[in-house]
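Thanks, everyone, for making the time. I would like to walk through one structure, beginning with how its copies are arranged and then turning to a helix and a surface patch.

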Protein chains: 2
Amino acid sequence: MATTETDQVDRRGRRREAKQARILAEAWALAHRDGLAAISLRDLADRVDLRQPSLYAYFDSKLGLYDLMFADGNHQLLEWVMSHPLSDDPRIALVEFVQELVRFSSDDVVRHQLLFQRTIPRFEPSPTSFALALEFYELARQRLALAGVSDPGDVDVFSALVNGLAHQQVANDPGGDRWVLLAERAVDMFLADVDRRRQSSSQKGAPQ
Amino acid sequence: MATTETDQVDRRGRRREAKQARILAEAWALAHRDGLAAISLRDLADRVDLRQPSLYAYFDSKLGLYDLMFADGNHQLLEWVMSHPLSDDPRIALVEFVQELVRFSSDDVVRHQLLFQRTIPRFEPSPTSFALALEFYELARQRLALAGVSDPGDVDVFSALVNGLAHQQVANDPGGDRWVLLAERAVDMFLADVDRRRQSSSQKGAPQ
DNA sequence: GTCTATATTCGGATAGAC
DNA sequence: GTCTATCCGAATATAGAC
């Protein structure tokens with residue numbers, strides 16, 4: 001069978017993708033070692049067996065590298081959440097969702113930093129990368145809806161709660177589970193409050 | 001009256017302190033403009049009418065500058081909290097405390113970043129500076145105790161909640177008050193949960 | 001404490017050949 | 001896409017005079 005033109009394209013595309021994956025992996029490794037802001041393109045090139053200028057075939061600038069990492073981190077997040085089974089019990093499902101998120105953050109501090117904290121001076125995700133972040137927010141919205149939560153104020157409180165747990169876990173007990181273990185309690189606290197507010201508001205404005 | 005030696009020392013000490021205060025103020029201004037990690041000692045020297053090497057009379061290294069800023073930020077935090085009246089009603093006092101903290105963070109994103117997020121690669125506060133941070137945590141502990149909260153787990157949940165509100169405020173509505181307005185609701189949610197847990201645990205283990 | 005002068009290193013980015 | 005060669009700018013930090 002003769003080699004067609006599309007075969008060629010596929011093969012080259014694969015090689016390129018593989019190289020890009022390697023670049024990303026080593027970029028994360030460097031970020032762990034030196035800090036996210038201190039990644040050097042020279043070090044990165046060394047680790048992937050390229051000369052430093054050759055990296056520019058994969059991104060336009062250093063901020064472009066951060067954009068690739070941002071997209072990669074969001075892919076990891078989506079995959080992480082979707083790789084876990086979804087319990088039938090809405091309460092348990094929400095508890096496990098929160099636990100997954102806190103673990104995800106504590107598993108990789110710099111990834112948490114890039115995805116959820118704005119710490120790199122002039123970096124803003126490109127529309128394509130940001131779409132992945134939105135995809136996650138939509139997924140989270142659906143998970144909350146399954147537990148009967150859809151009020152915007154409720155969603156804001158929930159997001160603060162999860163973010164706070166993740167942040168405390170990352171900042172004060174990196175690699176541990178001190179705040180992971182509080183996830184169930186936090187969710188119960190939250191759901192009880194949602195119920196409580198629903199009841200008191202239905203008392204006031206029920207007949208209408 | 002003759003000029004004594006201690007007068008001289010005081011005067012020089014004051015001049016030095018004034019200069020240091022100016023350096024700090026301009027360092028914050030630069031952090032706002034360029035990002036915390038991107039402060040340049042050249043720019044800083046320009047702004048305080050010094051040559052760049054002269055800054056080394058005030059700190060040993062760039063990390064030393066961050067340490068000064070860290071201490072300064074914690075001073076601001078303590079002063080901010082203590083400048084507000086403390087309500088007699090423990091619930092209201094706690095609500096206002098949380099509002100103050102969220103406002104403090106949203107008032108200055110980079111200060112929040114330096115104080116509560118570990119974002120500068122090799123920076124760790126010196127013992128002296130860190131003591132100020134501990135002073136704040138002790139103050140927060142006392143405020144919680146006034147509301148009847150002292151269980152370590154409760155404190156952990158509370159810290160996550162406040163940190164989460166502050167972070168969401170800073171990240172998603174900088175300068176606004178979307179999450180500040182949720183402080184009261186969050187505190188009520190939290191206190192209700194503390195009560196609820198206290199009751200259920202006193203049922204189980206009351207006689208002893 | 002502040003200066004001038006300078007060392008030194010390192011960074012990202014470009015030009016142009018292959 | 002990858003290379004060599006190089007540019008240029010920026011950074012922190014030090015030496016030594018005043």
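I will start with conventions and then go on to the details. This is a predicted model, in which local features need pLDDT of at least 70 and side-chain atom pairs count only at pLDDT 80 or more, while totals for chains, interfaces and linings use all residues. Residues are numbered from 1 along each chain as its sequence is written, chains are lettered from A in the order in which they are written, and side-chain values use heavy atoms, without hydrogens and water.

On the arrangement, chain A superposes on chain B by a rotation of 180° with 0.0 Å of shift along the axis and an RMSD of 0.0 Å, the fit being least squares on C-alpha atoms of residues with pLDDT of at least 70 in both copies. The two copies are therefore related as by a two-fold rotation axis. The same surface serves both, since 97% of the contact residues of chain A recur in chain B, contact meaning heavy atoms within 4.5 Å. Within chain A, A:Gly164 comes closest to the axis, its C-alpha lying at 1.8 Å.

Now to helix α5 of chain B, residues 109-116, where helices are DSSP runs of H or I with at least four residues, numbered from the N terminus. Seven of its eight residues are buried, that is, under 20% relative accessible area with a 1.4 Å probe, protein chains only; among them are B:Val110, B:Arg111 and B:Phe116. At the start of this helix, a side-chain oxygen of B:Asp108 reaches to within 3.3 Å of the backbone nitrogen of B:Val110.

Finally, A:Tyr137 is found in helix α6 of chain A, residues 127-146, and it counts as partly exposed because its relative accessibility is 45%, partly exposed being the range between 20% and 50%.

Definitions and conventions. Helices (H or I, at least four residues) and strands (E, at least two) are DSSP runs, numbered from the N terminus. A polar contact is a pair of N or O atoms within 3.5 Å; within protein, one must be able to donate a hydrogen and the other to accept it, and residues adjacent in sequence count only if both atoms are side-chain atoms.
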